[in-house]
Amino acid sequence: HFLNLEAHIDFRSTKSQSTLKVVIFGRPRKGDRSFKDPELAFQRVKQAYDSYFTALYTLEYIEYNSSGGHKSFLWNCEKYSTPDLIIEIHGASLANLVCTKPGAGLIEVGKSGQRATMFTY
């Protein structure tokens, strides 16, 4: 949910002082830990942002490991160090949050349904 998110992110910490950088990190479409429809995920985030926020923003979808193989730690840190808000599916790649800038926000997307108890609280 985007409600109350604006209260938790320091919008003054953005580099340009006027534009919030929002990045959706995704995996190639396979298994439980990927967006089934990345374009739809992008559009839903855009619609939600437009509904709840007034600040200017850029929205980017980055799919890592899309060319096969793993990216380097340096590549990960470069990608994770610039966003003001990160949207990502729960998984080990959240370890890259160690590279985020102070004050960055995170929306962690979890599974819905019977096996989603870890996302209840």
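This passage describes the confidence, sheet, helix packing and disulfide of a predicted model.

The mean pLDDT of the protein is 77. A value of 70 or more is reached by 69% of its residues. Confidence is low in two stretches close to the start of the numbering. Over residues 1-8, pLDDT stays under 50. The model has 14 contacts beyond four places in sequence for residues 1-8. Residues 11-16 also stay under 50, with 12 contacts beyond four places in sequence. Where pLDDT is low, the predicted coordinates should not be read in detail.

The strands come next. An open sheet is formed by 4 strands, in the order β2-β1-β3-β4. The pairing is parallel. The edges are occupied by β2 (residues 56-63) and β4, each with a single partner strand. One side of each is therefore left without a neighbour in the sheet. From one strand to the next, the twist averages 15°.

The pairing can be followed strand by strand. β1 and β2 run parallel and are joined by 8 bridges. Within this pair, Val 23 has Glu 60 of β2 as its bridge partner. Helix α2 (residues 38-52) packs on the sheet. This helix touches β1, β2 and β3, and its direction makes about 165° with that of β2. On the way to β4, β1 is joined to β3 by 4 bridges, again in parallel. Phe 25 stands opposite Glu 88 of β3. β3 in turn pairs with β4 over 5 bridges, also in the parallel sense. Here Ile 89 faces Val 109 of β4.

β3 is mostly covered, with 5 of its 5 residues buried. In a regular strand the side chains alternate between the two faces of the sheet. Both faces of β3 are covered. Leu 85, Ile 87 and Ile 89 are buried on one side. Ile 86 and Glu 88 are buried on the other. Glu 88 is thus described twice: as a buried residue of β3 and as the residue opposite Phe 25.

Helix α3 contributes a further set of buried residues, namely Asn 76, Cys 77 and Tyr 80. These three cover an arc of only 95° around the axis, so they lie on the same side of α3. An α-helix has 3.6 residues a turn, so residues three or four places apart point the same way. The buried residues of α3 pack against β1 (residues 19-26) and β3.

The count of disulfides comes to 1. Cys 77 and Cys 99 form this bond, with their sulfur atoms 1.9 Å apart. Cys 77 lies in α3 (residues 73-80), and Cys 99 lies in the loop between β3 (85-89) and β4 (105-109), so the pair ties together parts that are 22 residues apart in sequence. Both ends are buried under the 20% cut-off. The relative accessible area is 16% for Cys 77. For Cys 99 it is 14%.

The loop that holds Cys 99 also holds Asn 96. Asn 96 is buried, because its relative accessible area is 11%. Beyond its neighbours within four places in sequence, Asn 96 is in contact with Asn 76 and Tyr 80. Both of these partners are among the buried residues of α3. The β3-β4 loop is therefore linked to α3 through the disulfide between Cys 77 and Cys 99, and Asn 96 of that loop adds contacts to Asn 76 and Tyr 80.

Notes: Residues are numbered from 1 along each chain as its sequence is written. This is a predicted model: local features need pLDDT of at least 70, side-chain atom pairs count only at pLDDT 80 or more; totals for chains, interfaces and linings use all residues. Side-chain values use heavy atoms; hydrogens and water are left out. pLDDT is the predictor's confidence in each residue, from 0 to 100. Contact means heavy atoms within 4.5 Å. A disulfide is a pair of cysteine sulfur atoms within 2.5 Å. Helices (H or I, at least four residues) and strands (E, at least two) are DSSP runs, numbered from the N terminus. Buried means under 20% relative accessible area, exposed over 50%, partly exposed in between (1.4 Å probe, protein chains only). The arc is that of the directions from the helix axis to the C-beta atoms. Two strands pair if DSSP finds at least two bridges between them. Axes are lines fitted to C-alpha atoms, for helices over the stretch in contact, and angles run from 0 to 180 degrees between N-to-C directions.
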